[in-house]
Amino acid sequence: MTKLTKSAFKLALIWKKFKLCLLSLSLSLSLSLKHKGHSSQNQTEPPKLRSKVEIKTDKISNLPSDVIEKILLLLPIRDAVRTSVLSRKWRYKSATLPNLKFDSLSVSTVKQTTFANIVDQVLLLHIGPICSFLLSRPDDFLANSDIERWILHLSRNSIKEFTLENWKSHLYEMPLCFFSCQDMTHIDLYRCLLQPPSTFKGFRSLKSLCMENVTLAPDVFKNLIVCCPLLKTLRLLNCDGLRHLKMDAPKLELLEVEVDEGVFEMVNLQNTLNLADVSITLAINDDLRQVPDSNLVQFFVHFPHIRRLTFGRNFLKYLAVRGLPGKLPQPCLCLKFLSISIRFKALKEILAALCLLRSSPALQELEIFAHHEDRDVVGEVNSWLDDNQNCQFTELQRVKMISMSGGKHELDFIRFLLLSSPVLERMTVKPASYNGYSELLKKLLLFRRASLCAEIIYLDP
């Protein structure tokens, strides 16, 4: 036997002995653990017997804190306060709610307690920051001093979202302390008066602003928008003092404007390249000579990335005051949805609508509201159909025609859309009344369609 084989043999014997030692060691360990386990069971048996006698804690008290907070956020504030009697863990949870909502559904008053007392008590006992505050109480008269006291309290708590709906007959003037809330990201005001101090430099963190029936002091709107560089959403509904819509908002994505009364003189949107959703409805006097330069081409220059566009009552009329091209110089390549209100007896409005359709190659959904007037509008409306026979809307899939009276001009436009939309899937027609209801349906069914898959859905008025 060589030296190499002898050494290998010795190594094999050593490894075999080592494995036997490991096996015996593991057996001894397992036996000792079993013995300790039996002894520990005998020692811990009395506590197990005692735990059966102890009262088990209920499941409500054992809920995690984040789950409790989510439950309280879903409850009206009156019910959230009532949960403090459930257990010791729930006692002060309602006092830490970051979102406070005071309206008719969330707060109920009794004879001995007024609505103002409830708000005072909740704010007094509140612990921690207040992120959101909503105040809307149509049934109770709220004194201006009460509202001012609450806004002052919120201004010291870094309020983020503020909503005030004033249901009194007179406007509520926002106090000076309101304009010091520089951490606000969302403001929603109804029936208020905005008159900031001369030192006001805007809400630097504001991202969403909604004002309805709000009266603005002169030049407030222009200064407010310029001083809110982060503003993304802007809704202006029937605001008094808003005659000039001149804006410079580089981050603005959604704009909604509705004016029911008064004269709206100018729409001038500049540096609004991020606008994706625009809705404008105007009230315009019959004398359009008072309306300054309102050009359809200039209007679309400042938002080339628009995806949704809604022209409510009279805005198409406003844009059609000056000359109209056959197509916009810069098409709306991203526009997917278009809703317009149109008077089919007005040639300029029809031409404006055709200009928008020809300039929107990616349009998929079209919604048209027929605006009716008792008197006829001057203008020959028959020539446009012959000039647009070769139009093709290659992406248009869904069309809604609402408040149709069955007049010749409306039927011509419907027939034009059916013949010019090769991929149309559905056209929905809703008449204005039951007069001529069946006759309109018969005419619609006889119209030829460029799309073999197109269906016409006829709704009741």
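## A walk from D183 to A353

Start by selecting D183. Apart from neighbours within four places in sequence, D183 is in contact with S158, I159, K160 and S205, so show those four as sticks too. Keep in mind as you look around that this is a predicted model.

Where on the chain are you? D183 sits in the loop between β4 (172–173) and β5. Switch on the surface for a moment: D183 is partly exposed, with a relative accessible area of 36%. Now add S155 to the selection. S155 and D183 are 28 residues apart in sequence, and their C-alpha atoms are 9.0 Å apart in space.

**Next stop: two helices**

S155 is a handy stepping stone, since helix α5 covers residues 144–155. Select α5 together with helix α4, residues 115–125. How do the two pack? The angle between α4 and α5 is about 15°, and their axes are 11 Å apart. Angles under 35 degrees count as roughly parallel, and α4 and α5 are therefore roughly parallel to each other. Their crossing is left-handed.

Zoom in on the place where they touch. On the α4 side, pick A116, V119, D120 and L123; on the α5 side, pick D146, R149, W150 and H153. Colour this contact by residue class and you get four nonpolar, one polar and three charged residues.

**Further along: a buried alanine**

Now jump to helix α9, residues 347–358, and select A353 within this helix. Is A353 buried or exposed? Buried: its relative accessible area is 0%, so hide the surface if you want to see this residue. Leaving out neighbours within four places in sequence, the contacts of A353 are L316, I340 and I342. Draw a distance from A353 to L316, C-alpha to C-alpha, and you should read 7.8 Å, for a pair 37 residues apart along the chain.

**Last stop: colour by confidence**

Finish by colouring the chain by pLDDT. The chain has a mean of 78, with 73% of its residues at 70 or more. Which elements mark the two ends of the scale? Strand β5 (residues 186–190) has the highest confidence, at 96, while helix α1 (residues 3–53) has the lowest, at a mean of 44.

Select residues 1–45 next: pLDDT is below 50 here, and beyond near neighbours in sequence the stretch makes one contact in the model. Residues 47–56 are also below 50, with zero contacts beyond near neighbours in sequence. Where pLDDT is low, don't read the predicted coordinates in detail.

Notes: Residues numbered from 1 in each chain as written. Predicted model: local features only at pLDDT ≥ 70, side-chain atom pairs only at ≥ 80, totals over all residues. Heavy atoms only, no water. Axes fitted to C-alpha atoms, helices over the stretch in contact; angles between N-to-C directions. Helix = DSSP H or I, 4+ residues; strand = E, 2+ residues; numbered from the N terminus. Parallel < 35°, antiparallel > 145°, perpendicular 65-115°, else oblique. Left-handed = near helix turned anticlockwise from the far one by under 90°. Contact = heavy atoms within 4.5 Å. Nonpolar A, V, L, I, M, F, W, Y, C, P; charged D, E, K, R; others polar. pLDDT = per-residue confidence, 0-100. Buried < 20%, exposed > 50% of the residue type's maximum accessible area, 1.4 Å probe, protein only.
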